[in-house]
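Please open the model in your viewer and keep the selection panel at hand. The tour below goes from one selection to the next and says what is to be found at each stop.

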Amino acid sequence: MDHQVVVKPSGHAFSVAADESILAAALRQGLNLPYGCRDGVCGTCRGRILSGEVAHGNASTAVLGEADRLAGFALLCCATARTDLCIETREVSSLGDVPIRTLPARVHRLLRAAADVMIVELRLPSSERLQFLAGQYVDILLKDGKRRSFSLANAPHDDSLLQLHVRRIAGGQFTEHVFSSMRERDLLRLRGPMGSFFLRDDSTKPALLVAGGTGFAPIKAIVEHALAQRSTRPMDIYWGARQQADLYLLQLAQQWAAQHRWIRFVPVLSDSPPADGWHGRTGLVHVAAMHDHPDLSRHQAYVCGAPAMVAAARRDFLDHCRLPADEFFADSFDYAPDTQQAIATGTLSEMKVPPHD
Ligand code: FES
């Protein structure tokens, strides 16, 4: 039987199944409670039970002693609800709430999503989880001290594997490695989460989400987070690529739009050969978004892709569509120097510029 949980001081509420930890239920429903290991080890998820009764599960007495339990504390990653509950815990909603960590990760699976796009799934050690906000990225730390940054394409609640979308860049040290010699079970080191590109879910404004190429990765995380929250906030997604084959998760995005009235999805191709028989939108992706949204004065815009596309979107959304400057959120990527055309169309989006290098 499900129980209801009310969180103080926010007043947010969610339901928890009998065999489900309170933390797992909160994350599943898009509520970002703090956690580290999700395994009863780190103590980060500690909260106070203000009313109701819990079972403490396998919370170790080293982390949650008898005195803590008597005082009403619980490890929310281990505790299950025996009754309806009122609990006290903070919620993670801003960058300051999310610790940046360095962790080992194993390559779990490599999925070739398109000729030059690899979906890389990473698994953290069993006693570790990475807390992040939907849209943030991680740095992959290379042996020579360099780093390469990739957005997390999974939503925070779906964190058993971390998902990266990697486009092959000719001559790119890391991306060439991903496509030629990386193997499942390889060990990597990552640092994160990073970046201020994340869904501001305290806003109810319609969101315009614009992605170029693998800039779709953080947009996917944002949409999946909104779905977990059961949000009905309008989201219009524009995904630009050169050719249809570059829209490597086209069916997924189409499915979101088919299943949820509040999601619209518009794919835009910049360089589709006639033989492909493309009947959809063509041209620059941010221009297509502007065409459909001449007035953005009551919107938020989230834009992810190559630097030129992001810069053009910011300039044009603010200058021509009256988007308030503080409602524009963006993440941009580094690029190979011989690909100016792809950049101009917003379709090349690979490794982000590591902001701390
Ligand atoms: S003890 Fe680490 S998340 Fe619960």
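Begin by selecting strand S18 (residues 300–305) together with strand S19 (328–332), which pair in the parallel sense over 5 bridges, where two strands count as paired if DSSP finds at least two bridges between them. Strands here are DSSP runs of type E with at least two residues, while helices are runs of type H or I with at least four, and both are numbered from the N terminus. Within this pair, Ala301 stands opposite Phe328 in S19.

Before going further, note that this is a predicted model, in which local features need pLDDT of at least 70 and side-chain atom pairs count only at pLDDT 80 or more, whereas totals for chains, interfaces and linings use all residues. Residues are numbered from 1 along each chain as its sequence is written, and side-chain values use heavy atoms, with hydrogens and water left out.

**The parallel sheet and its helices**

Now widen the selection to the open sheet of 6 strands, whose order is S17-S16-S15-S14-S18-S19 and whose pairing is parallel. Its edge strands are S17 (281–282) and S19 (328–332), each of which pairs on one side only.

Add helix H5 (residues 250–259), which lies across strand S15 (235–241) and strand S16 (263–269) and runs at about 145 degrees to S16. Contact means heavy atoms within 4.5 Å, and the angles, which run from 0 to 180 degrees between N-to-C directions, are taken between lines fitted to C-alpha atoms, for helices over the stretch in contact. Then add helix H6 (residues 285–292), which lies across strand S14 (207–212), S15, S16 and S17, at about 150 degrees to S15.

**Charged pairs**

Stay with S15 and S16 and show the side chains of Arg264 and Asp236, which meet in a salt bridge (2.9 Å, N to O); a salt bridge here is a side-chain nitrogen of Lys or Arg within 4 Å of a carboxyl oxygen of Asp or Glu. The pair links distant parts of the chain, with Arg264 in strand S16 and Asp236 in strand S15, 28 residues apart. Are these two residues buried or exposed, or something in between? Asp236 is buried at a relative accessible area of 15%, whereas Arg264 counts as partly exposed at 35%, given that buried means under 20% relative accessible area, exposed over 50%, and partly exposed in between (1.4 Å probe, protein chains only). Extend the selection to Arg281 and Asp292, since Asp236, Arg264, Arg281 and Asp292 are linked in a network of salt bridges.

Next, select Glu121 and Arg109, which form a salt bridge whose closest N and O atoms are 3.0 Å apart. Glu121 lies in strand S9 (residues 117–123) and Arg109 in strand S8 (residues 101–114), so the pair ties together parts that are 12 residues apart in sequence. Glu121 is buried, with a relative accessible area of 8%, while Arg109 is partly exposed at 36%. The count for the model comes to 19 salt bridges.

**Helix H4**

Move on to helix H4 (residues 216–228), whose 13 residues should span 18 Å at 1.5 Å a residue, in agreement with the 18 Å between its end C-alpha atoms; the expected span is 1.5 Å times one less than the number of residues. H4 is mostly covered, with 12 of its 13 residues buried, among them Phe216, Lys220, Glu224 and His225. Just after H4, Arg230 takes a positive phi of about 55 degrees.

**The mixed sheet**

Finally, select the open sheet of 5 strands, which has the order S2-S1-S7-S3-S5 and mixed pairing. Strand S2 (13–16) and strand S5 (73–75) stand at its edges with a single partner strand each, so one side of each is left without a neighbour in the sheet. The twist averages 40 degrees from one strand to the next.

Strand S1 (residues 3–8) and strand S7 (residues 85–88) pair in the parallel sense over 4 bridges, and Val5 stands opposite Leu85 in S7. Strand S3 (residues 46–51), in contrast, runs antiparallel to S7 and is joined to S7 by 3 bridges, with Ile49 opposite Ile87. S3 and S5 also pair in the antiparallel sense, over 3 bridges, and the partner of Gly47 in S5 is Ala74.
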